[in-house]
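Visitor: Could you walk me through this model and explain the terms as we go?
Guide: Gladly; let us look together.

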Amino acid sequence: MNKPSDQKIPLVAIVMGSKSDYEVMKKSSEVLQKFGVPHEVRVISAHRTPDIAQAFATSAEDRGLQVIIAAAGKAAHLAGVLAAMTTLPVIGVPMSTSDLGGLDSLLSMVQMPAGIPVGTVAIGEAGAKNAALLAVAILALSDVGLSNELKNYRQQMRAEVEAADAEISNVSY
Ligand code: RP5
């Protein structure tokens with residue numbers, strides 16, 4: 001059975017370089033689901049399936065996509081490669097790595113030479129969530145309902161912090 005988000009044209013693509021990135025990147029999907037943003041999730045490698053990466057990037061805008069989230073680890077060129085072939089905004093999520101902790105991925109994404117930007121977020125799960133929130137913020141520029149939902153989300157976070165403050169500050173030290 002199709003999920004509700006499958007029944008609409010995807011506005012956001014979550015692309016990852018390997019299935020091994022999925023456990024982290026499903027956090028992006030969960031955020032988009034929470035906001036009801038139709039999206040697709042793909043595994044496409046810049047070096048293992050470069051032809052598919054090219055076909056994906058060059059057709060993305062025509063297919064109705066508005067934002068691309070690209071996750072990769074190590075020599076994480078996926079986001080930059082996709083950004084080179086589309087003018088859609090590309091948000092890069094650096095994956096944590098066993099050898100260098102994800103600093104390798106972060107630098108590979110964030111150090112794009114001038115001209116082809118990759119909006120790079122934090123390494124790992126925080127980045128996966130923030131990439132989705134940034135995608136929502138971009139879509140919210142032309143969607144008042146989504147903009148209001150984003151404001152409500154911030155209010156909920158605020159309420160949670162205030163509740164935590166009330167709880168912790170009431171303890172006698
Ligand atoms: C990148 O290399 C992927 O994005 C992944 O983070 C990393 C390791 O990939 P696997 O060797 O686990 O497939 O392409």
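**The ligand and its pocket**

Guide: The ligand takes up the space of the largest pocket. This is a predicted model, in which local features need pLDDT of at least 70, side-chain atom pairs count only at pLDDT 80 or more, and totals for chains, interfaces and linings use all residues. Residues are numbered from 1 along each chain as its sequence is written, and side-chain values use heavy atoms, with hydrogens and water left out.

Visitor: What makes a molecule sit in a pocket?
Guide: More than half of its atoms must lie within 2 Å of the pocket's grid points. The ligand's space is the largest pocket, with a volume of about 350 Å³.

Visitor: Why is Asp21 said to make a polar contact with the ligand?
Guide: A polar contact is a pair of N or O atoms within 3.5 Å. A polar side-chain atom of Asp21 is 2.6 Å from a ligand oxygen, so the pair qualifies. For a side-chain N or O atom of Arg48, the distance to a ligand oxygen is 2.8 Å; for a polar backbone atom of Gly73, the distance is 3.1 Å.

Visitor: Which residues surround the ligand?
Guide: Among them are Gly17, Ser18, His47 and Ala72; near means having a heavy atom within 4 Å.

Visitor: How many residues of this shell are nonpolar, polar and charged?
Guide: One is nonpolar, five are polar and two are charged. Asp and Arg count as charged, so Asp21 and Arg48 belong to that class.

Conventions: A polar contact is a pair of N or O atoms within 3.5 Å; within protein, one must be able to donate a hydrogen and the other to accept it, and residues adjacent in sequence count only if both atoms are side-chain atoms. On a 1 Å grid over the protein atoms alone, a cavity is a set of points where a 1.4 Å probe fits but cannot get out, and a pocket is an open set with protein on both sides within 12 Å along at least five of seven lines; lining residues have an atom within 4 Å of a point. Grid points are joined across faces, edges and corners, and a volume is the space filled by probe spheres set on the points.
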